[in-house]
Amino acid sequence: MSFNVSHSGNHGLVAYAPTGRLGVDIEERDAQRDLRLLIDTVLGPEERTALALTQGQARTRLFFKLWTLKEAVLKALGEGFALDATCIRIPTAMLGGKESGMLRLSRLPEVTWQIEDLGNREFAAAVAYELDAASARKD
């Protein structure tokens, strides 16, 4: 059984799963926040390139989408930012706008993670959960 909670400002997100690990994250988007240090600390090369190709509100939205997806995975792993977030590679299709995808981490190659963008205009939000072996083989 897994349970995870996140909150930011006036928003909260709660998730429960009867099996497997899961994590959630929610963040209010702050267009005034200086993202430069976070970009270098959290995003890998492909993600930084995708971000560099966007401007204005779209850039802020993409950054917080990537941030919440990665933090949801980190929370599911139970390690927080003790793990280098740049090693979590968000699927390319999600960089282009797709709302869900699967990924594997080199440190746990036998585990497939489903990640989903749950954000809207007010906030960025994401869930990451461990797939069972049968579900991971379907895709």
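**Exercise 1.** Decide from its relative accessibility of 13% whether Ser 8 counts as buried or exposed, and place the residue in its surroundings.

*Solution.* At 13% relative accessibility Ser 8 falls in the buried class, the classes being buried under 20% relative accessible area, exposed over 50% and partly exposed in between, with a 1.4 Å probe and protein chains only. The model is a predicted one, in which local features need pLDDT of at least 70 and side-chain atom pairs count only at pLDDT 80 or more, while totals for chains, interfaces and linings use all residues. Residues are numbered from 1 along each chain as its sequence is written, and side-chain values use heavy atoms, with hydrogens and water left out. The next step is the element: Ser 8 lies in strand 1, residues 2-8, where strands (E, at least two residues) and helices (H or I, at least four) are DSSP runs numbered from the N terminus. Finally, when residues up to four places away in sequence are not counted, Ser 8 touches Ile 26, Glu 27 and Glu 28, a contact being heavy atoms within 4.5 Å.

**Exercise 2.** Work out in which order the four strands of the open sheet are arranged, and which strands form its edges.

*Solution.* The order is 3-6-5-4 and the pairing is antiparallel, with two strands taken as paired if DSSP finds at least two bridges between them. Strand 3 (22-28) and strand 4 (100-105) each pair on one side only, and they are therefore the edge strands. On average, neighbouring strands of this sheet are turned by 20° against each other, direction ignored. Proceeding to the individual pairs, strand 4 and strand 5 run antiparallel and are joined by five bridges, and they form a hairpin with two residues between them. Strand 5 (residues 108-117) also pairs with strand 6 (residues 123-130), again in the antiparallel sense and over five bridges, and here the hairpin passes through five residues. Gln 114 illustrates both pairings, since Met 102 has Gln 114 as its bridge partner in strand 5, while the partner of Gln 114 in strand 6 is Tyr 129.

**Exercise 3.** Assign the residues of strand 4 to a covered face and an uncovered face.

*Solution.* The starting point is that side chains in a regular strand alternate between the two faces of the sheet. In strand 4 the covered face consists of Gly 101, Leu 103 and Leu 105, whereas Ser 100, Met 102 and Arg 104 make up the uncovered one. Across from Ser 100, in strand 5, stands Glu 116. Strand 5 itself is mostly covered, with seven of its 10 residues buried.

**Exercise 4.** Find how helix 2 and helix 3 are oriented towards each other, and which residues make the contact.

*Solution.* The axes of helix 2 and helix 3 come within 9 Å and cross at roughly 155°, with axes fitted to C-alpha atoms, for helices over the stretch in contact, and angles running from 0 to 180 degrees between N-to-C directions. That crossing makes the two helices roughly antiparallel, because angles over 145 degrees fall in that class, whereas those under 35 are roughly parallel, 65 to 115 roughly perpendicular and the rest oblique. Helix 2 contributes Glu 47, Ala 50 and Leu 51 to the contact, and helix 3 contributes Arg 59, Leu 62, Phe 63, Leu 66 and Lys 70.

**Exercise 5.** Classify the aromatic pairs formed by Phe 63 with Phe 64 and with Trp 67.

*Solution.* The structure holds two aromatic pairs, the rings of Phe, Tyr and Trp (its six-membered ring) being paired if their centres lie within 6.5 Å, with planes under 30 degrees apart counted as stacked, over 60 as edge-to-face and the rest as tilted. Phe 63 and Phe 64 have ring centres 5.2 Å apart and planes at 80°, so this pair is edge-to-face. Phe 63 and Trp 67, at 6.0 Å centre to centre and 35° between the planes, form a tilted pair. These two residues are four residues apart in helix 3, which means that about one helical turn separates them. Together, Phe 63, Phe 64 and Trp 67 form one aromatic cluster; Phe 63 and Phe 64 are both buried, and Trp 67 is buried as well.
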